[in-house]
Amino acid sequence: MMIFDIKRASASDGPGLRSVVFFKGCPLRCAWCHNPESYSASPQLSYAEEKCVSCGKCSQICEHGCHEIKNGAHIYSSEKCVLCGKCAEECPTKALKLYGEEISVDRVFSKLLRDKAYYVFGGGVTFSGGEPMSQFEEALELAKKLYEAGVSVCMESCGYGNTEDFLEIAKYIDFFLFDVKCVKELHKRCTGVENDLIIKNLHALSDAGAKIILRCPIIPGVNDNKEHLEYLASLSKLSGVKEINLEPYHPIGISKRKILGMPVEYGNPEFADKTEIENLKKQLSVLTDKDIKII
């Protein structure tokens with residue numbers, strides 16, 4: 001399987017303290033994504049020019065001529081890179097970073113079990129990304145192993161994937177953290193895909209008895225409006241939906257896109273206004289009887 005991080009002791013990715021596995025690869029291209037390093041299913045090398053001191057260690061270790069120090073400046077030729085990661089390992093200022101590690105399901109499982117002591121207090125493991133369902137076979141195998149070990153599993157998902165696959169993995173998932181990005185008219189423009197399949201899968205999971213937390217990123221100027229709140233409220237009526245989470249926009253994705261050489265599509269440099277998010281929560285609470293949290 002291909003992952004780009006495992007985060008420990010997270011308190012915002014499902015009930016209790018959780019270890020979060022970040023799967024690499026995603027079918028959506030959200031303009032505001034704060035994990036653009038998750039788009040590709042393959043490893044990616046980032047270069048943060050402002051951290052570079054032009055020491056030349058990368059050029060000395062690289063066997064493919066990707067790095068060159070010329071007139072005191074570091075020149076990186078990405079087209080030559082084979083993504084071995086050796087330069088990132090040697091970079092003293094961490095200006096270079098390799099996103100993506102090929103790792104066996106068994107090894108990830110072993111890493112996660114190290115934290116089992118605090119899972120017993122209502123926590124567990126959360127699959128995130130990227131999109132875990134983009135690596136369905138690996139996600140299913142890992143979910144089964146954790147289930148058999150008595151570890152609670154949550155899965156954050158954009159909802160885009162084969163319906164039968166969602167229903168199969170649901171047997172081993174305690175909670176789906178199901179993303180709701182935009183109303184239908186905006187969805188393709190903002191994420192690159194229609195949301196018909198996503199809503200179909202949401203209904204299918206609910207009908208199958210899955211427990212669901214609706215998660216909604218609040219993006220200023222995009223979905224911070226009454227129409228979107230009404231849309232969320234209508235979906236919250238599904239029997240499987242237990243809670244709604246509002247996720248205020250933050251601009252970390254902008255800097256990540258730059259160091260990955262990706263274009264910036266939603267360039268708002270400001271964090272979502274806390275007062276505005278609280279107002280949206282109050283408005284939504286009038287439309288639904290489900291618990292609402294700002295995370």
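The expected span of a helix is 1.5 Å times one less than its number of residues. Helix α8 of this predicted model covers residues 196–207 and holds 12 residues. Its expected span is therefore 16 Å, and its end C-alpha atoms lie 17 Å apart, which agrees.

Helix α8 contains several buried residues. These are Ile198, Ile199, Asn201, Leu202, Ala204, Leu205 and Ser206. Two polar side chains, Asn201 and Ser206, thus appear in the list. The buried residues pack against two strands, β10 (175–179) and β11 (212–218). They also pack against the helices α6 (163–169), α7 (184–191) and α9 (226–235). After α8 comes Gly209, with a positive phi near 95 degrees.

Helix α3 spans residues 105–113. Its buried residues are Val105, Val108, Phe109 and Leu112. Viewed down the axis of α3, these residues fall within an arc of 100 degrees, so they line one face of the helix. An α-helix has 3.6 residues a turn, so residues three or four places apart point the same way. The cover over the buried residues of α3 includes the strands β1 (2–10), β2 (18–23) and β8 (124–129). Helices α4 (116–119) and α5 (136–148) also contribute to this cover.

Two loop residues were examined next. Glu37 sits in the loop between β2 and β3 (44–47). Glu37 counts as buried because its relative accessibility is 3%, and the cut-off for buried is under 20%. The side chain of Glu37 makes a polar contact of 2.9 Å with the side chain of Lys256. Lys256 is also among the residues that Glu37 touches beyond four places in sequence. The others in that set are Phe4, Lys24, Gln44, Tyr99 and Leu260. Glu37 is separated from Ala204 by 167 residues in sequence and by 30 Å in space, C-alpha to C-alpha. Ala204 is one of the buried residues of α8.

Thr288 occupies the loop between α11 (274–287) and β13 (291–294). Thr288 has a relative accessible area of 10%, so this residue is buried. The side chain of Thr288 reaches the backbone nitrogen of Lys290 at 3.1 Å. Setting aside residues up to four places away in sequence, Thr288 touches Ala233, Ser236 and Ile244.

Technical notes: Residues numbered from 1 in each chain as written. Predicted model: local features only at pLDDT ≥ 70, side-chain atom pairs only at ≥ 80, totals over all residues. Heavy atoms only, no water. Buried < 20%, exposed > 50% of the residue type's maximum accessible area, 1.4 Å probe, protein only. Helix = DSSP H or I, 4+ residues; strand = E, 2+ residues; numbered from the N terminus. Arc of directions from axis to C-beta. Contact = heavy atoms within 4.5 Å. Polar contact = N/O pair within 3.5 Å; in protein donor to acceptor, adjacent residues only side chain to side chain.
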